[in-house]
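Here are some short exercises to work through with the coordinates open beside you. Try each task before reading its solution.

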Amino acid sequence: GKNVTLEGCLLLDGVSVAPGAKLQGCVLGEGCQIGPGAMLTDCIFGDGAKALPGTKAQSINLEPRKSI
């Protein structure tokens, strides 16, 4: 997406990052979806996990197919 910031992140296949999202030090499993304006730091997302629009999170380990 536009205006996306990714620093030191690992994104597996099929990850979608919406405009305005900022991620630092994150690992995102296959098929994860990051909503617009989400700000994530040092997070690990299992396959298919989602960050809803505007989510702010740090040091979260989200299970597969869960949403935050």
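Leu10 is part of strand 2, residues 10-11, where helices (H or I, at least four residues) and strands (E, at least two) are DSSP runs numbered from the N terminus. Before we start: this is a predicted model, in which local features need pLDDT of at least 70 and side-chain atom pairs count only at pLDDT 80 or more, while totals for chains, interfaces and linings use all residues. Residues are numbered from 1 along each chain as its sequence is written, and side-chain values use heavy atoms, with hydrogens and water left out.

**Exercise 1. Place Leu10 on the surface and find its contacts.**

Step 1. Compute the accessibility. Leu10 has a relative accessible area of 46%, so Leu10 is partly exposed; buried means under 20%, exposed over 50%, and partly exposed in between (1.4 Å probe, protein chains only).

Step 2. List the contacts, meaning heavy atoms within 4.5 Å. Leaving aside residues up to four places away in sequence, Leu10 touches Cys26, Val27 and Leu28. The C-alpha atoms of Leu10 and Val27 are 4.8 Å apart, with their positions 17 residues apart in sequence.

Step 3. Look for a patch. Leu10, Leu12, Val27 and Ile44 make up a nonpolar surface patch with about 310 Å² of accessible area together. Patches are made of residues with over 30% relative accessible area and no salt bridge, like charges being joined within 9 Å and nonpolar side chains (Val, Leu, Ile, Met, Phe, Trp, Tyr) within 5 Å. A salt bridge is a side-chain nitrogen of Lys or Arg within 4 Å of a carboxyl oxygen of Asp or Glu. The areas come from the Shrake-Rupley method with a 1.4 Å probe, and for residues only the protein chains shown count as cover.

**Exercise 2. Work out the strand order of the two sheets.**

Step 1. Use the pairing rule: two strands pair if DSSP finds at least two bridges between them.

Step 2. Take the sheet of 4 strands. This open sheet has the order 2-5-8-11, with parallel pairing. Strand 2 and strand 11 (61-62) are at its edges with a single partner strand each, so one side of each has no neighbour in the sheet. Strand 8 (residues 44-45) and strand 11 run parallel and are joined by 2 bridges; Phe45 has Leu62 as its bridge partner in strand 11.

Step 3. Take the sheet of 3 strands. It is open and parallel, in the order 3-6-9. Its edges are strand 3 (16-17) and strand 9 (50-51), each with a single partner strand, so each has one side without a neighbour in the sheet. Between strand 6 (residues 33-34) and strand 9 there are 2 bridges, and Ile34 is partnered with Ala51 in strand 9.

**Exercise 3. Which residues have the most contacts inside the largest nonpolar core?**

Step 1. Build the core from buried Ala, Val, Leu, Ile, Met, Phe, Trp, Tyr and Cys residues joined through side-chain atoms within 4.5 Å.

Step 2. Rank the members. The largest core has 15 residues, and Leu23, Leu28, Ile34, Leu40 and Phe45 have the most contacts inside it.

Step 3. Follow one member. Beyond four places in sequence, the residues that Phe45 touches include Leu28, Ile34, Leu40, Ala51 and Leu62.

**Exercise 4. Find residues with positive phi that are not glycine.**

Step 1. Asp42 has a phi of about 55° and sits in the loop between strand 7 and strand 8. Asp42 is partly exposed, at 41% relative accessibility.

Step 2. Ser59 has a positive phi of about 55° and belongs to the loop between strand 10 (56-58) and strand 11.
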